[in-house]
Amino acid sequence: MNNQDYYYQLAVLHQENLEQSFLSSLGINFLSLLYKEIDEDKESVVISERKDNQVIAFVSGTDGIGRIYKNLLLRPHLLIYTLKSVFKSPSKMHKVLELLLNSFLKNKTTNLPNHELLSIVVNPAFQGEGCAEILFNRLCDYFKKKNVKSFKIIVGGNLTRANAFYKKMGAMSIKTIQVHKGVDSTIYIKQI
């Protein structure tokens, strides 16, 4: 599998299974570019499980999503191409700006860890087999090797299964925020 196919598979898995996330609304091309940037960033990681050359699950993490978005902004031709449909939607543009502002300013004004679990996705055909737990633990091991003591996870308040999963994995809910106006999210901290 070549890298472009890999990033495309990550993007499709994200969009089809995290359909409630705002990033899913930005499309496959944007998600492919985003996962490429995360994977190539020296302080970030994408850990995936494959079966028959297909990505069936993955987790991604970073020590700063603001840097990832900044690097994307440094590639304006690619970013504009992947977000061309967003420019036609004032509400999506507003949410993109909210996302950027939050990612650049939040850690400057809080005492939250910089390290973060960005996404974890398992193809529904493989759910219930422990894949999410394995990937979560592999991300914990990755952070532990980097001497990280804790990381954050930001989860939509309406995502009941996701919130239950992170509690099961030992993450502690510390507060509720609004990444996008009017939509509550819970911040969890996982001690390693």
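**Figure 1. Cys 140 is buried in this predicted model, with a relative accessible area of 7%.** The model is predicted. A second cysteine, Cys 131, is buried too, at a relative accessible area of 12%. How many disulfides does a search of the whole structure find? The search returns 0. A disulfide would be a covalent bond between the sulfur atoms of two cysteines.

**Figure 2. The protein is built from 7 helices and 6 strands.** From the N terminus on, the elements run α-α-β-β-α-α-α-β-α-β-α-β-β. The protein has 192 residues, and 48% of them count as buried. Contacts across the sequence can also be sorted by separation. Take those between residues at least 6 apart in sequence: 67% of them join residues at least 24 apart.

**Figure 3. Phe 136 and Phe 151 form a tilted aromatic pair.** The structure holds 9 aromatic pairs. In this one, the ring centres of Phe 136 and Phe 151 are 5.9 Å apart. Their planes meet at 50°, so the pair counts as tilted. Phe 136 sits in helix α6, which spans residues 131–145. Phe 151 belongs to strand β4, residues 150–156. The pair links distant parts of the chain, with the two positions 15 residues apart in sequence. Are these residues buried or exposed? Phe 136 has a relative accessibility of 0%, so Phe 136 counts as buried. Phe 151 is also buried, with a relative accessible area of 0%.

**Figure 4. Tyr 166 and Tyr 188 make another tilted aromatic pair.** The centres of the two rings are 6.2 Å apart, and the planes stand at 45°. Which elements hold the two residues? Tyr 166 lies in helix α7, residues 160–168. Tyr 188 lies in strand β6, residues 183–191. The pair therefore ties together parts that are 22 residues apart in sequence. Both Tyr 166 and Tyr 188 are buried.

**Figure 5. Seven names make up one aromatic cluster: Phe 136, Tyr 142, Phe 143, Phe 151, Phe 165, Tyr 166 and Tyr 188.** The cluster includes Phe 136 and Phe 151. Tyr 166 and Tyr 188 belong to this cluster as well.

**Figure 6. Helices α1 and α2 cross at roughly 120°.** Helix α1 covers residues 3–17, and helix α2 covers residues 28–40. Their axes come within 8 Å. The angle makes α1 oblique to α2. The crossing of α1 and α2 is right-handed. Which residues make the contact? On the α1 side they are Gln 4, Tyr 6, Tyr 7, Tyr 8, Leu 10, Ala 11, Val 12, His 14 and Gln 15. On the α2 side they are Ile 28, Leu 31, Ser 32, Tyr 35, Lys 36, Asp 39 and Glu 40.

**Figure 7. Arg 75 occupies the loop between α3 (65–73) and α4 (76–82).** Arg 75 is partly exposed, with a relative accessible area of 25%. What does Arg 75 contact, leaving aside neighbours within four places in sequence? The partners are Leu 33, Lys 36, Glu 37 and Glu 40. Among these partners, Lys 36 and Glu 40 also take part in the contact of α2 with α1.

**Figure 8. Gln 191 is an exposed residue of strand β6.** The relative accessibility of Gln 191 is 53%, so this residue counts as exposed. Gln 191 touches Lys 149 and Ser 150, not counting residues up to four places away in sequence. Gln 191 and Met 172 are 19 residues apart in sequence. In space, they are 8.5 Å apart, C-alpha to C-alpha.

**Figure 9. Asp 52 has a positive phi, near 50°.** Asp 52 is a residue other than glycine. Where is Asp 52? Asp 52 lies in the loop between β1 (44–51) and β2 (54–62). At 70% relative accessibility, Asp 52 counts as exposed.

**Figure 10. Asn 147 also has a positive phi, near 60°.** This residue, too, is one other than glycine. Asn 147 is placed in the loop between α6 and β4. Is Asn 147 buried or exposed? With a relative accessibility of 61%, Asn 147 counts as exposed.

Conventions
Residues numbered from 1 in each chain as written. Predicted model: local features only at pLDDT ≥ 70, side-chain atom pairs only at ≥ 80, totals over all residues. Heavy atoms only, no water. Disulfide = S-S within 2.5 Å. Buried < 20%, exposed > 50% of the residue type's maximum accessible area, 1.4 Å probe, protein only. Phe/Tyr/Trp six-rings, centres within 6.5 Å; stacked < 30°, edge-to-face > 60°. Helix = DSSP H or I, 4+ residues; strand = E, 2+ residues; numbered from the N terminus. Axes fitted to C-alpha atoms, helices over the stretch in contact; angles between N-to-C directions. Parallel < 35°, antiparallel > 145°, perpendicular 65-115°, else oblique. Left-handed = near helix turned anticlockwise from the far one by under 90°. Contact = heavy atoms within 4.5 Å.
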